[in-house]
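Colleague: I would like to go through this model with you, one point at a time. Please give the reasoning before each result.

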Amino acid sequence: MEIHGFNKTTLLDYPEHVACTVFTGHCNMRCPFCHNGDLVLMPGGQPAVSEEEFFAFLNKRKNVLEGVAITGGEPTLQKDLPVFIAKIKETGLLVKLDSNGMKPEILRTLIEEKLVDYLAMDIKSDKAHYGECTGLPGIDLKPVEESVSLLMENRVPYEFRTTVLKPFHNRETFEGIADWIGGCERYFLQSYVDSHRILRDFLPDEEKAKYPAEFTAYTPEEMKEFEMLLLNRGMKSVHVRGIAE
Ligand code: SF4
């Protein structure tokens, strides 16, 4: 496993659990607003943590932690992910995995082998705008659609979530998302938070120029309006994450 750091304790990354978070390098998407741009574009240049070091930490802390959240980058690109997770599960801790859904076959294996306790999958946009949101014009959406269908079989607790920002999301986006994943168990809208590590800023100038100089979050009121739109369009469960109620 290519581990590029871990957060020793988080109350935010694994819903309802005290967890640590492991960051993996590389991704097969290029979302310009990605807040781990360096981990995606230049993973080799980031400090690495050995598995030995991680498991030494985990074994010391397993009595105070309830779970491990594995995020990225895109963790399903790590060839030994199932083995790594199996080792975590030997400690008795729960495992949550974050994924962009581009590798449904890996997600299927992890579910069938009962290696994940919670899956969080990004829904970047409605289908029509997936390419511009992920920096992959002409993206083949079949793997993402397959992952969506797989999670909606409900064999493991899961959530879908969208990081919401201007200029990528608007009412039309959420109408499309509601029509796509409307029957899902849990859907979260997450407000965009600006960071000094966004992917766009690491791109060469000619690519950077394709994007606006600033990405901006919607206000809490606007986020609640999107939530209402989704509920009115028939979504079962929608929540806005990270804003004061
Ligand atoms: S935000 Fe996009 S580019 Fe960044 S890790 Fe997630 S899927 Fe990859």
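Colleague: Is Lys-142 buried or exposed?
Modeller: This is a predicted model, so the value is computed from predicted coordinates. The relative accessibility of Lys-142 is 58%. The cut-off for the outer class is over 50%, so Lys-142 counts as exposed.

Colleague: Which residue forms a salt bridge with Lys-142?
Modeller: The closest N and O atoms of the pair are 3.9 Å apart, and the limit for a salt bridge is 4 Å. The partner is partly exposed, at 44% relative accessibility. That partner is Asp-140.

Colleague: Which parts of the chain does the salt bridge between Lys-127 and Glu-145 tie together?
Modeller: The two side chains meet at 2.8 Å, N to O. Lys-127 lies in a loop and Glu-145 in a helix, so the pair ties together parts that are 18 residues apart in sequence. Those parts are the loop between strand 5 (118-122) and helix 5 (130-134), and helix 6 (residues 142-151).

Colleague: How accessible are Lys-127 and Glu-145?
Modeller: Both values have to fall between the 20% and 50% cut-offs for the middle class. Glu-145 has 26% relative accessibility and counts as partly exposed. Lys-127 is partly exposed too, and its relative accessible area is 39%.

Colleague: What is the distance between the closest N and O atoms of Glu-153 and Arg-155?
Modeller: Glu-153 is partly exposed, at 41% relative accessibility, and Arg-155 is partly exposed, at 42%. The two form a salt bridge. Their closest N and O atoms are apart by 2.9 Å.

Colleague: Which residues do salt bridges with shared partners join into one network?
Modeller: A search of the whole structure finds 18 salt bridges. Where salt bridges share partners, the residues can be followed from one pair to the next as one network. The members are Lys-96, Asp-98, Asp-122, Lys-124, Glu-159, Arg-161 and Arg-241.

Colleague: Which side chain has a polar contact with that of Glu-51?
Modeller: Glu-51 lies in helix 2 (residues 51-61) and counts as buried, at 17% relative accessibility. A polar atom of its side chain lies 3.1 Å from the backbone nitrogen of Met-1. The side-chain partner asked for is at 3.4 Å, and it is Lys-87.

Colleague: How many disulfides does the structure hold?
Modeller: A disulfide is a covalent bond between the sulfur atoms of two cysteines. The sulfur of Cys-184 is too far for a bond, because the closest cysteine sulfur, in Cys-133, is 17 Å away. Over the structure, the number of disulfides is zero.

Colleague: What is the relative accessibility of Cys-20?
Modeller: Cys-20 lies in strand 2 (residues 19-24). Leaving aside neighbours within four places in sequence, its contacts include Phe-54, Phe-57, Leu-58 and Val-68. Cys-20 counts as buried, and its relative accessibility is 0%.

Colleague: Which helix gives the most to the largest nonpolar core?
Modeller: That core has 70 residues, and among those that touch the most other members are Phe-54, Leu-58, Ile-88 and Ile-181. The helix that gives the most to this core supplies five residues and spans 171-181, which is helix 7.

Colleague: Which residues does Leu-58 contact, leaving aside its neighbours within four places in sequence?
Modeller: Leu-58 is one of the core residues that touch the most other members. One of its contacts is Cys-20, which counts as buried. The full set is Cys-20, Leu-65, Val-68, Ile-88, Thr-91 and Leu-93.

Notes
Residues are numbered from 1 along each chain as its sequence is written. This is a predicted model: local features need pLDDT of at least 70, side-chain atom pairs count only at pLDDT 80 or more; totals for chains, interfaces and linings use all residues. Side-chain values use heavy atoms; hydrogens and water are left out. Helices (H or I, at least four residues) and strands (E, at least two) are DSSP runs, numbered from the N terminus. Buried means under 20% relative accessible area, exposed over 50%, partly exposed in between (1.4 Å probe, protein chains only). A polar contact is a pair of N or O atoms within 3.5 Å; within protein, one must be able to donate a hydrogen and the other to accept it, and residues adjacent in sequence count only if both atoms are side-chain atoms. Contact means heavy atoms within 4.5 Å. A disulfide is a pair of cysteine sulfur atoms within 2.5 Å. A nonpolar core is a set of buried Ala, Val, Leu, Ile, Met, Phe, Trp, Tyr and Cys residues joined through side-chain atoms within 4.5 Å.
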